[in-house]
Amino acid sequence: MQEKKNAALIELHYLPCVQYFAQFLKYETIIIEQCEHYQKRSYRNRCHIMGANGLLRLSIPLQSGKNQQMNIREVKISNEENWQQLHWK
């Protein structure tokens, strides 16, 4: 069995891929970055899943004012749409 490394700092993802979780097996400690800047078009608020009819692209709507320089902790989810129901279906 391979010896585990000490710690890894990883970025926040919404419904990450299998490779993201595979990193958990390589390290004793996983630290999720909470002070990074929000990145548009990243997996911070979106994901891809397989559905009955192929690939589905899901994203969590964010409140206006989000930008590249905003701390990830300051980004707010918009609940004007019923996005949660769509994601569960």
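**Exercise 1.** In this predicted model, find which side chain meets that of Glu36 in a salt bridge, and decide whether the two residues are buried or exposed.

*Solution.* The partner is Arg44, whose side chain meets that of Glu36 in a salt bridge with an N to O distance of 3.0 Å. This satisfies the cut-off, because a salt bridge requires a side-chain nitrogen of Lys or Arg within 4 Å of a carboxyl oxygen of Asp or Glu. Turning to accessibility, both Arg44 and Glu36 are buried.

**Exercise 2.** Determine how many salt bridges the structure holds, and trace how they are linked.

*Solution.* The structure holds two salt bridges. Besides the pair with Glu36, Arg44 forms a salt bridge with Glu11, in which the closest N and O atoms lie 3.2 Å apart. This pair links distant parts of the chain, since Arg44 sits in the loop between β2 (27-32) and β3 (46-51), while Glu11 sits in the loop between β1 (5-10) and α1 (18-26), 33 residues apart. Arg44 counts as buried because its relative accessibility is 8%, whereas Glu11, with a relative accessible area of 34%, is partly exposed. Taken together, Glu11, Glu36 and Arg44 are linked in a network of salt bridges.

**Exercise 3.** Establish whether Arg44 also lines the largest pocket, and describe that pocket by its volume and by the classes of its lining residues.

*Solution.* Arg44 is among the residues that line the largest pocket, together with others including Tyr38, Asn45, Ile60 and Lys76. About 170 Å³ of space lies in this pocket, and its lining comprises eight nonpolar, two polar and two charged residues.

Conventions:
Residues are numbered from 1 along each chain as its sequence is written. This is a predicted model: local features need pLDDT of at least 70, side-chain atom pairs count only at pLDDT 80 or more; totals for chains, interfaces and linings use all residues. Side-chain values use heavy atoms; hydrogens and water are left out. Helices (H or I, at least four residues) and strands (E, at least two) are DSSP runs, numbered from the N terminus. Buried means under 20% relative accessible area, exposed over 50%, partly exposed in between (1.4 Å probe, protein chains only). On a 1 Å grid over the protein atoms alone, a cavity is a set of points where a 1.4 Å probe fits but cannot get out, and a pocket is an open set with protein on both sides within 12 Å along at least five of seven lines; lining residues have an atom within 4 Å of a point. Grid points are joined across faces, edges and corners, and a volume is the space filled by probe spheres set on the points. Ala, Val, Leu, Ile, Met, Phe, Trp, Tyr, Cys and Pro count as nonpolar, Asp, Glu, Lys and Arg as charged, and the others, Gly among them, as polar.
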